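Hi everyone, thanks for coming. I'd like to walk you through one model this morning, so please have a look at the screen.

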Amino acid sequence: MDAIEELHANRDLPDARLREIIEGDVCEPELFAKAAEVCGGYYGKDIYVRGLIEFTNYCKNNCYYCGIRRDNHNLERYRLGQDEILACCAEGYELGYRTFVLQGGEDAAVTDAMVCALVAEIKKLYPDCAVTLSLGERPRASYSAFRDAGADRYLLRHETANAAHYRALHPESMRLENRKRCLWDLKEIGYQVGSGFMVGSPYQTTECLIEDLRFLQDLQPDMIGVGPYIPHRDTPFRDHPGGDLRVCLRIIAILRLLFPSALIPATTALGTVDARGRELGIGAGANVIMPNLSPVHVRKHYALYDNKICVSEGAAECRACLESRVVPMGYRIVTDIGNRVHSPNS
Ligand code: SAH
């Protein structure tokens with residue numbers, strides 16, 4: 001059996017064969033077609049959308065790759081108030097979005113009480129919607145409080161499962177064990193959990209990527225987000241090359257075959273490295289898109305990396321643009337809360 005067949009049949013693969021696929025030693029069209037077919041078995045031609053509200057770019061962390069890191073003083077900082085965030089939700093609801101993702105840097109001024117009040121208000125106004133949080137590492141008690149307030153899902157990429165690689169990407173104050181602890185806490189508390197990593201981050205090797213996949217097999221997350229690393233001019237990693245689109249697509253396809261029913265986004269980073277990156281992601285097994293729902297005047301300040309797309313269009317334009325991208329591929333954007341489907345639809 002070739003590596004693709006074996007991966008599909010077993011939903012698993014030994015390291016040496018994963019390496020073959022990651023490094024491109026297989027027929028890519030066959031890999032992508034198999035992944036898209038497996039995705040279709042669960043989700044048909046439906047593409048789920050999540051309205052992404054980037055509500056603060058203050059961050060106390062100093063990750064070497066990230067443009068909103070604490071020591072980037074060339075960045076105009078902003079924090080949206082509850083009313084502005086609710087206005088984004090109202091606009092998103094009109095456009096058919098039934099999941100709101102509240103993402104931000106690790107902003108100490110955003111207290112647990114503020115998050116709880118916001119989540120409760122969104123759930124009260126839109127009981128048919130899911131609220132996803134992506135606020136980084138917090139104590140377990142905070143995660144519990146957010147969940148009690150009504151939060152449904154939490155996104156926290158592990159970034160890399162290899163301790164030495166983690167150390168190369170983050171300052172001493174950040175700990176891989178703590179990040180993993182957060183993920184296990186979130187799962188235990190009852191969130192639908194999303195994790196993931198960048199592809200092609202500085203010092204990443206194929207072994208690191210295999211470790212990432214093994215960690216995810218252990219964690220069994222509901223959502224898995226991956227995107228290429230893209231340099232930001234005001235970070236210590238400014239001179240490191242960006243991640244490779246093809247490797248990223250192969251990783252998406254592998255993820256789909258390892259985790260057939262997972263929710264896998266075609267990320268904004270993928271759309272940034274290639275004008276058709278998100279379409280290619282869907283063609284390789286992704287089934288979620290996360291359009292930007294932040295107010296246009298703050299979008300360019302949520303600069304995780306250079307040349308981020310969709311920073312000048314309004315929410316309605318983004319919605320129309322997505323439609324025009326997926327419909328010709330035979331997919332449809334659905335107005336649906338977009339929960340994970342646990343068994344095949346046929
Ligand atoms: N503070 C939150 C949100 C972080 S931003 C948290 O810790 O989860 C969301 C994701 O953007 C990160 O998890 C990281 O994987 C990605 N990211 C950050 N900088 C990037 C870069 N330069 N290129 C590509 N992706 C990046």
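Let's begin with helix α14, residues 315–326, which lies across β1, β8 and β9. Against β9, the helix runs at about 140°. Do keep in mind as we go that this is a predicted model.

Now, what about the strands under discussion? The three of them form an open sheet, and the order is β8-β1-β9 with parallel pairing. Which strands sit at the edges? Those are β8, at 288–289, and β9, at 332–334, and each of them pairs on one side only.

Let me zoom in on one of those pairings. Strand β1 covers residues 46–49, and three bridges join it to β9, the two strands running parallel. If you'd like a residue to click on, try Y48: its bridge partner in β9 is V334.

On to the cavities, which I suspect some of you have been waiting for. How many of 30 Å³ or more does the structure hold? There are two. I'll stay with the second largest cavity, where about 100 Å³ of space lies. It is lined by 13 residues, and the closest to its centre are T268, M290, P291, N292 and C310.

Here our helix comes back. Both β2 (51–56) and α14 supply at least two residues each to that lining, and the largest share, three residues, comes from α14. For those of you thinking about chemistry, the lining of this second largest cavity has eight nonpolar, two polar and three charged residues.

So α14 is the element to remember: it lies across β1, β8 and β9, and it also gives the second largest cavity the largest share of its lining. Thanks, all!

Methods
Residues numbered from 1 in each chain as written. Predicted model: local features only at pLDDT ≥ 70, side-chain atom pairs only at ≥ 80, totals over all residues. Heavy atoms only, no water. Pairing = 2+ DSSP bridges. Helix = DSSP H or I, 4+ residues; strand = E, 2+ residues; numbered from the N terminus. Contact = heavy atoms within 4.5 Å. Axes fitted to C-alpha atoms, helices over the stretch in contact; angles between N-to-C directions. 1 Å grid on protein atoms, 1.4 Å probe; cavity = no way out; pocket = protein on both sides within 12 Å on 5 of 7 lines; lining within 4 Å. Points joined across faces, edges and corners; volume = space filled by probe spheres on them. Nonpolar A, V, L, I, M, F, W, Y, C, P; charged D, E, K, R; others polar.
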